[in-house]
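Here are a few quick notes to go with the model. Have it open while you read.

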Amino acid sequence: MANQRTIQEINEKIKKGVAVVMTAEEVIDLVNDQGIEDAFSKVDVVTTATFGPMCSSGAFLNFGHADPPIRLENITLNGVTASGGLAAVDTFIGVADEDPNSHGEYGGAHVICDLIKGNSIKLKSTAKGTDCYPRTSVEREVKLEDLNEAFLFNARNSYQNYSSAINLSNEPIFTYMGTLLPNGQNVTYSTTGQLSPLLNDPYLKTIGIGTRIFLAGAQGYIAWNGTQFNTSVDRYDNGIPKSPGATLSVIGNLKDMNPEYITPVVFKNYGVSLNVGIGIPIPIVDHEILKQCAISDDQIQTDIIDYSVKKRSKPTVKTTTYKELRSGEIDIDGKIIKTAPLSSLRKAREIADKLKNQIQTGEFLLSEPVEYFKLDSKVKPLKEEDDK
Amino acid sequence: MKTKLKITFPASLTDTPLTYLLIKEFDLKVNILKADIDFNNVGHILYEFTGDQGKIQSTIEYIKSLGITCESIKSTIKIDENLCTDCGLCTSVCFSKSLSIGAPDWTLSFDTDKCIGCNHCIPVCPARAIKEA
Ligand code: SF4
Ligand code: SF4
């Protein structure tokens with residue numbers, strides 16, 4: 001029995017409509033029932049997915065030229081500041097920038113999602129006026145269809161094994177992990193565990209630059225490694241990083257996105273962020289990768305970190321498994337504490353199923369990465385003032 | 001059977017000892033979930049009563065006869081299903097377990113009977129799907 005196959009061979013099967021695709025949850029049962037060898041002969045692709053807040057997102061937009069033309073500066077979109085630091089009618093809007101009049105309830109994420117929904121947004125800009133761009137102000141209502149290009153760029157997402165949060169101080173704290181109640185009364189966690197993309201391919205054997213992915217309903221691509229990319233982390237025997245590891249940068253066309261899979265979020269006393277739905281197909285090229293995909297929540301360990309410690313490095317309160325977190329309660333030093341997710345497993349499952357379907361029907365072909373990621377990347381803190 | 005009543009006192013009646021009257025007149029098992037007086041001197045109470053429907057009905061009529069507004073409600077919040085992403089974060093602050101999420105389907109469920117009207121979930125929902133009812 002063959003114990004290897006190539007991405008090309010898988011694509012041939014997809015084109016013929018005979019590729020077998022399973023979600024990362026379904027494949028666990030298959031491997032448990034039939035063992036790696038038999039399972040390998042039965043599955044070609046495993047789909048993984050996540051749907052959760054990804055703060056490091058934004059969009060590049062090109063508005064086209066007015067007549068007479070303007071070099072856009074001091075740009076706002078529905079009151080949210082966008083960058084005036086690109087070429088004349090290009091801009092970048094970050095999801096976390098807020099409209100100062102919205103009391104933190106409307107930001108770049110809302111602008112991006114309004115565009116995707118087909119709503120019109122108000123572009124306002126003033127400029128100093130130059131010989132080639134004489135105009136000094138512009139104000140227009142524009143829709144996504146009016147723009148030349150509009151693409152999402154996300155510099156860090158799909159965090160591999162992001163830590164869970166607790167607050168052991170005696171005051172509530174308001175974080176991007178939600179409201180953490182005093183005296184350790186709740187724990188929040190933010191990955192989809194056994195369905196999470198980079199936990200299914202922890203050594204990034206099949207995922208690299210150029211990998212085609214499901215990005216908020218569009219076919220997007222992995223553009224680069226994500227920021228704070230860390231592949232030299234300590235790992236458990238099953239390859240899962242002991243602390244937050246790899247991340248991805250991704251890109252995709254706003255015009256192809258579905259508002260179901262990209263939504264704005266607001267965290268009390270923290271700010272605006274963007275929920276992004278991502279699905280990554282994993283070609284089952286050998287036994288090793290199938291073994292990784294078959295890892296289940298009870299085998300994925302993660303740390304619960306005390307977010308009340310106002311330092312870069314926060315202490316670990318307990319190391320637990322996703323199975324325990326998913327049970328809704330966790331025992332910490334004899335105290336039963338409520339656990340709650342931050343990313344939507346329901347939506348992630350929907351994405352994994354959708355991607356599975358797209359591959360089965362030949363709508364979505366796998367791509368061979370043009371470059372693989374390095375496995376010795378480290379993360380540096382910001383240099384201290386007295387560092388040389 | 002449990003019933004929640006939302007009471008609004010006009011400023012002129014805010015000092016009515018309503019809870020005392022209700023217990024005395026109707027021998028009701030009453031639980032005050034919330035009580036406050038706003039800057040307009042309008043008083044608000046959220047009661048939870050245990051008792052049969054007939055008794056509750058006459059209580060409502062009695063309260064209204066005093067000139068106090070009284071409304072029977074299921075819970076203090078409503079969830080917009082179109083905005084809810086089923087993330088589950090609201091369950092992290094709901095100690096009555098009125099909001100819950102879990103296997104097998106991981107969609108949010110809301111048991112209005114258990115809701116104690118604390119409204120903690122409203123600001124916590126990142127999708128802004130929970131509003132005051
Ligand atoms: S108002 Fe309070 S009790 Fe009711 S659902 Fe929200 S958090 Fe739970
Ligand atoms: S926090 Fe909001 S979006 Fe998330 S499950 Fe609760 S109601 Fe739905």
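The points below cover aromatic rings, charges over rings and nonpolar cores.

1. Ground rules: this is a predicted model, with local features needing pLDDT of at least 70, side-chain atom pairs counting only at pLDDT 80 or more, and totals for chains, interfaces and linings using all residues. Residues are numbered from 1 along each chain as written, chains are lettered from A and ligands numbered from 1 in written order, and side-chain values use heavy atoms, without hydrogens and water.

2. A search of the whole structure turns up 12 aromatic pairs over all chains (Phe, Tyr or Trp six-membered rings with centres within 6.5 Å; planes under 30 degrees apart are stacked, over 60 edge-to-face, the rest tilted). A:Phe214 and A:Tyr261 have ring centres 5.5 Å apart and planes at 75°, so they pair edge-to-face. They sit 47 residues apart in the chain. A:Phe214 is buried at 1% relative accessibility (buried means under 20% relative accessible area, 1.4 Å probe, protein chains only), and A:Tyr261 is buried at 4%.

3. Two arginines are worth a look. The charged end of A:Arg5 sits over the ring of A:Phe40, 4.1 Å from its centre (CZ of Arg or NZ of Lys within 6 Å of the ring centre and within 35 degrees of the ring normal). A:Arg326 lies over the face of B:Trp106, 4.5 Å from the ring centre.

4. In the largest nonpolar core (buried Ala, Val, Leu, Ile, Met, Phe, Trp, Tyr and Cys joined through side-chain atoms within 4.5 Å), which has 105 residues, A:Leu61, A:Leu77 and A:Leu254 touch the most other members. Another core, of 17 residues, lies apart from it and includes B:Leu5 and B:Phe49.

Notes:
Helix = DSSP H or I, 4+ residues; strand = E, 2+ residues; numbered from the N terminus. Buried < 20%, exposed > 50% of the residue type's maximum accessible area, 1.4 Å probe, protein only.
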